[in-house]
Amino acid sequence: MIFGSQKLYLAVDQPMTADFTSVPMEIDGFDCGSMVINWTGASAFNSVFIPQFSNDGICWCDYVAESDAQKANSAAGCKMYEFSTFCFDKLRLKYLHKTVIAGNMSV
């Protein structure tokens with residue numbers, strides 16, 4: 001049996017020139033999913049993408065440590081986090097820009 005899917009956006013054409021935390025997304029109605037980060041025009045390649053989760057929207061926990069997080073490693077590209085189950089109610093993305101001085105991303 002195939003179930004439908006739905007695309008939900010945390011950010012569209014977000015500048016990569018400063019740290020960024022997306023708005024939270026309610027995901028308690030979903031069983032599983034993935035977060036895809038696409039970017040173009042980046043000028044340095046050590047920025048970090050860290051998904052965060054919460055059950056109350058107040059206390060947020062990193063899904064992975066910064067040292068294990070996906071990194072922008074080229075001028076353009078994509079990275080994906082896959083969640084086989086959601087054991088939390090809210091999801092957002094924390095982005096640490098490090099030395100990027102150009103580029104945009106969509107999540």
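A residue counts as buried when its relative accessible area is under 20%, as exposed when that area is over 50%, and as partly exposed in between. The model described here is predicted. In it, K90 has a relative accessible area of 14%, so K90 is buried.

**Salt bridges**

Side chains of opposite charge can pair when their charged atoms come close. The structure holds three salt bridges, listed below.

| Lysine | Acidic partner | N to O distance |
|---|---|---|
| K90 | E26 | 2.7 Å |
| K94 | D62 | 3.6 Å |
| K98 | E66 | 2.6 Å |

The side chains of K90 and E26 meet in one of these salt bridges. K90 sits in strand β9 and E26 in strand β3 (residues 25-26), so this pair ties together parts that are 64 residues apart in sequence. While K90 is buried, E26 is partly exposed, with a relative accessible area of 46%.

K94 pairs with D62 in a salt bridge. K94 is in strand β9 and D62 in strand β6 (residues 61-62), so the pair ties together parts 32 residues apart in sequence. K94 counts as partly exposed at 21% relative accessibility, and D62 counts as partly exposed at 33%.

K98 forms a salt bridge with E66. Here K98 is in the loop between β9 and β10 (104-106) and E66 in the loop between β6 and β7 (70-71), 32 residues apart. K98 is partly exposed at 39% relative accessibility, and E66 is partly exposed at 35%.

**S54 and its surroundings**

S54 belongs to strand β5 (residues 48-54). Its relative accessibility is 2%, so S54 counts as buried. The side chain of S54 reaches the backbone nitrogen of G57 at 2.7 Å. A polar atom of the S54 side chain also lies 2.9 Å from the backbone oxygen of C59. Leaving aside residues up to four places away in sequence, S54 touches C59, W60, F88, D89 and K90.

**Cysteines**

A disulfide is a covalent bond between the sulfur atoms of two cysteines. A search of the whole structure finds zero disulfides. For C59, the nearest cysteine sulfur is that of C61, 4.6 Å away. C59 is partly exposed, with a relative accessible area of 48%. The sulfur of C78 is 19 Å from the closest cysteine sulfur, in C32, which is too far for a bond.

**The nonpolar core**

The largest nonpolar core has 27 residues, and those with the most contacts inside it are M16, M35, I37, F49 and M105. Strands β4 (33-40), β5, β8 (77-83) and β9 (90-96) each supply at least two residues of this core. The largest share, four residues, comes from β9. Among the residues that M16 touches are W39, F49, Y95 and M105.

Notes. Residues are numbered from 1 along each chain as its sequence is written. This is a predicted model: local features need pLDDT of at least 70, side-chain atom pairs count only at pLDDT 80 or more; totals for chains, interfaces and linings use all residues. Side-chain values use heavy atoms; hydrogens and water are left out. Buried means under 20% relative accessible area, exposed over 50%, partly exposed in between (1.4 Å probe, protein chains only). A polar contact is a pair of N or O atoms within 3.5 Å; within protein, one must be able to donate a hydrogen and the other to accept it, and residues adjacent in sequence count only if both atoms are side-chain atoms. Contact means heavy atoms within 4.5 Å. A nonpolar core is a set of buried Ala, Val, Leu, Ile, Met, Phe, Trp, Tyr and Cys residues joined through side-chain atoms within 4.5 Å. A disulfide is a pair of cysteine sulfur atoms within 2.5 Å. A salt bridge is a side-chain nitrogen of Lys or Arg within 4 Å of a carboxyl oxygen of Asp or Glu.
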